[in-house]
Amino acid sequence: MFSAQGGVAVTAASIRPRRRQRPRSEDGFQPPRAKRQRSTKHADAGGDTELDTAAYEQAHCLAVEPDLEDGPSLAAGDTSIDLPVRGRKESDRPTYDSHSTLILDNGFYSATRVSALPEPLQKSSEHANSLILTHNQAYVWAYSSGSSSISPSDFSTFNIPEPSPKHIDPLPLGAFTSSSSTSDAGMLVVIPATGKITFWQTISNNVILGLIKQKCNTVHGSIPGMMSGEFATGLLNAEPSGFIITLSTGRVAHLTIMDAHGKASLNIRFLDLANRATSGGIFGGLRNVFSGASWRRNIAAAKGGRSAQRGQREVIIATSSGLIEVWDIHWNNGSGLKARMDAALEINRALKDTGLNSENGSLASIQVLDFAIKNNSKRSNDTEHDLSLWVLFSVSGETTSYFVVDLAFPENVPEAGRIFKIDYEGPLQDSADSTPKIYVPRPGKSAFIVFRNATVLVSLTPVENSTEDGTHEFQDLVRLRDRDNFVVIGSTLDDGRDEHSRDCCVLVIQNYGLVHLSSLRLKTEAAQDVQLTTKLRLEQIVFFENAKDNPINFHHYKELSSKPRLEEAILNITDEILHSSSRYISSIAASLEHQMTMRSNALQALAKYIKDNHIELSYSIRWQLLWDAEKMAASKAIWALYNDLKKRYPKKDLYLGHLIETMGEKFKSSAKKEDGPDDPIRHWFIYDTWQMEHIIPWIMNGIRVAYNKPQSVTRDFIDKVWQASEISLAALETAFSFRRENANLYGIDDASLALKTPQCTELSEFWTSLDVNYDETENLLDTELNTCIQWMRQLSQSGKTDAEDSPAKALEKNLSRQFAVFSQIYKERRQLCAVSTDRQIQNDGKLLEKAHRERRKPQLYKMAAIGHLEEAVTLAENFHDMTALVELMVEVHDKIDQKHPQKAVDRATPGPREEAVKQWRSRIDSYFTRYGEPWADAFFTRQITAGQPAMLLIMREYKDDVTRFLRKRPGYGKLSWMNEVLGERNYDNAAKILTELATQHETNLWSKRVELALAKLSTLAARETQTGMQVNLSCFEDETELATIQESVYDNLPHLNEAIDESARLQIANDQFANVFVQSKPALRETLQRGLAKLVTRCPVQGDELADLLTLMDPIPAAGPPEENEVAGHEFSLALRALNLSGSVKEDGAYRENLEKIVWRRCMIRDNWEHISATAGKTDDEVQAEIRSTALFKTIMDYTNGEYLLVFAKQMHPANI
């Protein structure tokens, strides 16, 4: 009997169904498994064959100890179930009842949590009973409903007579007895500490019997001769020969419950080596104590063997030291020892021969833990055949190792065959309820080794393909998690002889329940992989770890430590989930929503495993996994939308079907015959989730195909556009939302999510923002806007209105959401272009930004025109599109004017208009606070472009914003200096603004002179307001004189006033003054023409430009006396003067010096000095006259004001040169 330590409840269940169980219905997912052979147990229909002992197998009860705080808790126990059924070929997939939960399935074996007990006991059966024992009571109920809960009316309670006096004593041992002639099962309970025995002849009608008859139904007894400290450790059902009770001292008692006349009676005899029946009483006990019989030993296990005749059965007993005994017991004729064999030396020899013993040739310290009777495949009428066992033993050293040996006893001589080392390391527990157990299901090809915290599955037959480490055997360890103290407290073997089940080991797991662990499914095909791969290990975590309270630890396997294989497995699993090609995902499901939820949960579990275990994956792979999960979420959202619409409009042909039908064949997989009738919609969601990016552009393309440029908008067209909008929003909104909420789960931080890290360059295009997705989403948005506008116009013309629940109204409500997802696509695409290292992609991003902003404004205006002005304003706010926001706020103000026309009302009593305008102004104020300069710039620019620049000067509440706006825009200098004077009272800054405006930005010469005068005046005003301020007025005078020179040049150019327009004047100027000196010099000619153009149009010319103009133009003819022409003959001196006056030239000394050298050079080469130097035949006066007529002479004369003129003339005389 298993017992929890420290009074914690201990248990396992025992149920004795009498009838053969009916086949159960198959439901749920069932993975494939190998076929098994037809059972040979019932191969012979007649003749003297072995008796079927299935109804007499070992059984222990499920015992619980009440917990005052938490109620009854499941504890230790051991249950054996062996039901005779007709044999048949098994199906390829295991079957689970409706109350079972699959918690592990790797293709080699599976584990299933059942509602309460092994499946054969959950069938509707007359005597399918279950038993739970406490120290004081036994609870029995008919477990026929298969329900996971039991009502109080379903069970009977039996008070245990003379219970154990101490709470810390082992819990009672119990078993059901076989049915008697009354067709009722009985119950046997043994108190381990006292040896008291209670036998209930029937348990099925306890309530009906009443108290008196219940007492008559009960037989009491006790184990005779129990010594101090001795207690019962096990109760073995060895019917039909009775029961076997093992004691802690190593003694074994044979208990029968009927006398020779068939009357209920408890008779107990001890088995001894002399095969003598031990009489009861104290004297018999003393005689045994002082006799020479070596009965003191540690019994490892006792098992029921063959039953060759009526009332007889063999019992095999193994001690921990390796002693094997075979007893022949009879229900009425006593017992006899058939064989006694010591296998310890043979086991040591086998260890040495196989090299598994590390004790350097010395005998290993072995300890037999358990054994299983080896079932021979050959059936024979000969009852005398050699015993063959699978023995589980341990070898103690620095660590405890565990082995399984094939031990045969030909002619009662032990002979060891194959030996297996178990891949499990852990301390050997001394308590009975934690001793490892071995179970070998028929036909003996595999075994279960059950430890307290793990179970090992071992292949007992060689496999054709060696495993990764080169061995020819298969082993795998199923370890329990330490969380919640999951430990195996009871176990048994279910041979699976029900025609719908397979062999399994039933595990009773503390704090969890009962688990069926199936036997190995190792196929014999040479192509089968006989090892569990990294992918299979990872699939267990993905598909089963999150099962409710799953006690299995999936993380300890070495396959999960290989990083390259792990990365490959992650990608393969994700791909299979999206393709619905995983063996754990059924492609045929009544509820597609459930199937898609399971796939989503699997992806979520995979991501959680990666994060929790810090799996190192590349940046691009992490993003790929997130994208795959996004696609799954988007696909699920679209299907939910389709389901909802189908429920609302069951007879309508929904747009999604048309969309999938029109999609190109390369964007969807072909239908499969095994999927049943053609259902393209379900087929796409099952198999094509991986290419979710293709459905985005086809949403719009489907409308384009069905309605190519309709003449007018119809209700059917609006309905299709609305459904297309819903599909687009379901996909994109879900994808973006999933990305924001789960990015951290996939190891993507906020910076990466915003695409602002250098690693983003490793990424390919996002599936949500592919180029075609961007274009088609924008086209869909435009289609929605245009459709709404056109429909509104058609309704206006017809005088009709739409209902609030019409598709048109629903489409209008979707517009703001469609704007939001389209904006997200744009941001994503724009940012990817910005972080790219490809210059061309960067330029494409800039062009995209410009085009997007230009197209977005009319889209917002259209939305406002539809009647959703406030939504458009909100979108503009979200987009930070200040230009559009200003226009929309102007539209809001216009709406106020339309709704509340301005009237002459008493301002003391404000009306609705004043209140609306007040709210409008309050929003404007909030924008200045919320958005700052971008809003102010857009707002003030709108006032200027609308022809209301004066508004900037009267909006004193925004004075600081106005000043900031005007100061950073020199083009608005005329307005800015007014603001400085009127608003800021800053005359000095006004002077600076006017000066900059006049010298750098002014395009009219007259205006320049006025601005310079105002700047000078402002400077003088600033000096008056600021005591001690030093001012320099020369800059104003210089610029004014420069403007005067320009005017003088213009005034002295002949024939300009005769032209009819500026174009003609420019032509005259070019014809007169750009034909000689620059004729063969194109660059200088172009410079001259630019200067003449400014001169003719009265545009202010800078000093260097004026110098080029004067020194490159042809000589101005003197129309009158030389003293009346201020320019003719003085071009070069005026050029030098212009350079001296220009502020921009004076600031750069080197530049000014170079320009002066150029002027002097041009001056010197202006005249033909060879001609002048040819003095032959000329008088002195003629020579001097020629010299005085040169540009150089005139320039020097102007430059020196005539000083040293005669000296210069004499020096220039040819005789002196």
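A disulfide is counted here as a pair of cysteine sulfur atoms within 2.5 Å. In this predicted model, a search of the whole structure finds zero disulfides. Cys504 illustrates the point: the nearest cysteine sulfur, that of Cys505, lies 7.5 Å away, and Cys504 is in no disulfide. Because its relative accessibility is 6%, Cys504 counts as buried. Cys1035, by contrast, is partly exposed, with a relative accessible area of 35%.

## Overall composition

The protein contains 35 helices and 32 strands. Of its 1217 residues, 51% are buried. The exposed surface amounts to about 57800 Å², and carbon and sulfur atoms supply 50% of that area. Among contacts between residues at least 6 apart in sequence, 63% join residues at least 24 apart.

## Nonpolar cores

The largest nonpolar core has 170 residues, and those with the most contacts inside it are Leu538, Leu656, Phe685, Trp935 and Phe940. Helix H7 (residues 619–648) gives the largest share of this core, 16 residues. Apart from this core lies another, of 37 residues, which includes Val1049, Ala1107, Leu1139 and Ala1191.

The surroundings of Phe940 can be described in detail. Not counting residues up to four places away in sequence, Phe940 touches Phe928, Leu952, Met955, Tyr958, Asp961, Val962 and Phe965.

## Strand S14 and its two partners

Strand S14 (residues 243–247) is mostly covered, since five of its five residues are buried. In general, the side chains of a regular strand alternate between the two faces of the sheet. In S14 both faces are covered: Phe243, Ile245 and Leu247 are buried on one side, and Ile244 and Thr246 are buried on the other.

S14 pairs with strand S13 (residues 232–237) in the antiparallel sense, through five bridges. Within this pair, Ala232 has Leu247 as its bridge partner in S14. The hairpin of S13 and S14 has five residues between the strands, and Gly242 takes a positive phi near 120°.

S14 also pairs with strand S15 (residues 252–258), again antiparallel, over four bridges. Here Thr246 has Val252 as its bridge partner in S15. These two strands form a hairpin with four residues between them, and Gly250 in the turn has a positive phi of about 105°.

A further antiparallel pair, S26 and S27, is set beside these two in the table.

| Strand pair | Bridges | One pair of opposite residues |
|---|---|---|
| S13 and S14 | five bridges | Ala232 and Leu247 |
| S14 and S15 | four bridges | Thr246 and Val252 |
| S26 and S27 | five bridges | Val450 and Thr455 |

## A five-stranded open sheet

Strands S26 (residues 446–450) and S27 (residues 454–459) belong to an open sheet of five strands with antiparallel pairing, in the order S25-S26-S27-S28-S32. The edge strands are S25 (437–439) and S32 (552–553), each of which pairs on one side only.

## Helix H22

Helix H22 (residues 973–984) has twelve residues, yet its end C-alpha atoms are only 14 Å apart, short of the 16 Å that a straight helix would reach at 1.5 Å a residue. Buried residues in H22 are Gly973, Leu975, Ser976, Trp977, Asn979, Glu980, Val981 and Gly983. The cover over these buried residues includes helix H19 (933–945), helix H20 (950–954), helix H21 (959–967), helix H23 (987–1001) and helix H24 (1005–1025). Just after H22, Arg985 takes a positive phi of about 55°.

## Lys720

Lys720 is found in helix H11 (residues 715–742). Is this lysine buried or exposed? Lys720 has a relative accessible area of 13% and is therefore buried, the limit for that class being under 20%. Leaving aside its neighbours within four places in sequence, Lys720 is in contact with Asp653, Tyr655, Ile703 and Tyr707. The C-alpha atoms of Lys720 and His658 are separated by 9.9 Å, although the two residues are 62 residues apart along the chain.

Methods
Residues numbered from 1 in each chain as written. Predicted model: local features only at pLDDT ≥ 70, side-chain atom pairs only at ≥ 80, totals over all residues. Heavy atoms only, no water. Buried < 20%, exposed > 50% of the residue type's maximum accessible area, 1.4 Å probe, protein only. Contact = heavy atoms within 4.5 Å. Areas by Shrake-Rupley, 256 points an atom, 1.4 Å probe, with all protein chains shown as cover. Expected span 1.5 Å × (residues − 1). Core = buried A, V, L, I, M, F, W, Y, C linked by side-chain atoms within 4.5 Å. Pairing = 2+ DSSP bridges.
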